[in-house]
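Hi,

Here is the structure I promised to send over. Have a look at it first, and my notes come straight after.

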Amino acid sequence: MSPSTLHAAGLPLLAGHASLDEPLAWRAGRPLSRRQFLHDVQRLAPLLPEGGPVLPMTADRYLFALALGAAVARGQAALMPPNHTPDMVRRLHTLFPAAYVLGDTGQPQLDLPTLAYPELPPPADDAPPPMPLLAADHAVAHVLTSGSTGQPMPHGKRWGELVVNIQAEAQRIAETLGRPDLRGVTIVGTVPAHHMYGFESTVLIALLGGAAFATERPFFAQDIARVLASVPRPRVLVTTPLHLKTLLDDGIALPPVDLTISATAPLSPQLAARAEAALVAPLMEIYGCTEAGQVATRRTTEAPEWRTFAGLVLSGDGEQASVSGGHVPEPTRLADVLQVLEPTRFRLLGRSNDLVNVAGKRSSLAHLNHHLNSIEGVRDGAFWLPPDSGEAVVRLVAVVVAPELSRESLLAALRERVDAAFLPRPILRVESLPRDPTGKLPAGRLTELVTRLLSDSGHA
């Protein structure tokens, strides 16, 4: 089904075959029904100011979903920036002059009109709550890119396209779980709801795919184990390579899961195998981008190839690869270098903007970062390409979190993995990298960090 064929009368806010008495969410082990969610949407919507979009400031996944539901029921949208820095807030105000914040207790105060999440009393009677119906072309969310590839830009997400996208994701997850659908499946996410991956794979997969989600966003290993244990099986852990590596390195006993999903950066086969052994469950990666949404999945331990979601096909190759069909009505060029094997199958070679050429040899920063982070003892690390200075030979810089490894050990391990032309000079040691909550490392943050470290060390 394509967005153009969706029912003209509107698409429901909740779908996925689940009944209204089934859970939409679990908070501290207590279920919150889909019926309660619709009642809460009905009572919150008239309390919202005119205009919008709304910026939900909350770490509670249910409250985020409630802000989204109430806003779209009023014809508004949710605003989803990558961060809440003063510069970003000023940009939001310029792009969306009527934007306002719906804030939770303990969240930072922003220079935007702010409304606190109100206490919502229980419904006055047992009357069934109305189901909001949304036009297929209603832009329900404005997602700003993370800044990892340049200046953040807003991307409007239409409800009809999201419905088709999430239907395809739900079908793929259910297929991997060996189930007919996602009714009864609970999602535990380490990723925030306001980033595109968390929005799709923890919030929308419950609203539109029939699953439920844990309201908490655990980060530390003990908290992840606690939240997993608080929800019923089958349960799915939605996480990132960085969060997954931290979880596995901690070494604590984990409750079994039925599927692990990872996204935001490609996983190494070694880390995927570790995760499957520790969690006693298959691992599936999702590939996507802000412009096209979710595009494909792969079972990392089985093969390096990715398989597109139902309805999506690829055209072109290399840096010219595009995707269309399904929830992508117009051909959309991907920002990565793909080896297209078939219209529905490809290999991911790296980002088109991170290719490097040193001494006539080509590689990608993603490839180099993969090998750097595969070294035992490296907790985190990234290569940085200096701007063109006119010098004959470009020297890459590596920033690493590896307190137990010497510089010589790092270089020796890298020599076994990459060509000598790409060995970093210098290697800068840090306690942590300035990643965002999904584990991405925005280019601007990395450049600022490296520039400061080089200046302090006298390498600049």
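Below is what I found in it, going from the whole chain down to the cores.

First, keep in mind that this is a predicted model. The chain has 11 helices along with 27 strands. Its radius of gyration comes out at 22 Å, close to the 23 Å that the globule rule gives for 460 residues, so the chain is as compact as a globular protein of that length. If you want a feel for the dimensions, the C-alpha atoms fill a box of roughly 75 × 50 × 45 Å along the principal axes.

On contacts: taking those between residues at least 6 apart in sequence, 63% join residues that are at least 24 apart.

Now the surface and the charges. About 19800 Å² of the chain is exposed, and carbon and sulfur atoms supply 52% of that. There are 45 negative and 40 positive side chains, with the centres of the two sets 3 Å apart.

What about the inside? Buried residues account for 53% of the 460 in the chain. The largest nonpolar core has 63 residues, and those touching the most other members are Phe37, Tyr62, Trp159, Leu182, Phe199, Leu207 and Ile261. Helix α2, residues 61-73, gives the most to this core, with 10 residues. Try clicking on Leu207: setting aside neighbours within four places in sequence, Leu207 is in contact with Leu13, Leu14, Ala15, Leu24, Arg34, Phe37 and Leu68. There is also a second, separate core of 23 residues, including Ala225, Leu244, Val257 and Leu279.

Cheers

Key
Residues numbered from 1 in each chain as written. Predicted model: local features only at pLDDT ≥ 70, side-chain atom pairs only at ≥ 80, totals over all residues. Heavy atoms only, no water. Helix = DSSP H or I, 4+ residues; strand = E, 2+ residues; numbered from the N terminus. Rg over C-alpha atoms; globule rule 2.2 N^0.38 Å. Buried < 20%, exposed > 50% of the residue type's maximum accessible area, 1.4 Å probe, protein only. Contact = heavy atoms within 4.5 Å. Areas by Shrake-Rupley, 256 points an atom, 1.4 Å probe, with all protein chains shown as cover. Lys, Arg positive; Asp, Glu negative; His and termini not counted. Charge placed at Lys NZ, Arg CZ, Asp CG, Glu CD. Core = buried A, V, L, I, M, F, W, Y, C linked by side-chain atoms within 4.5 Å.
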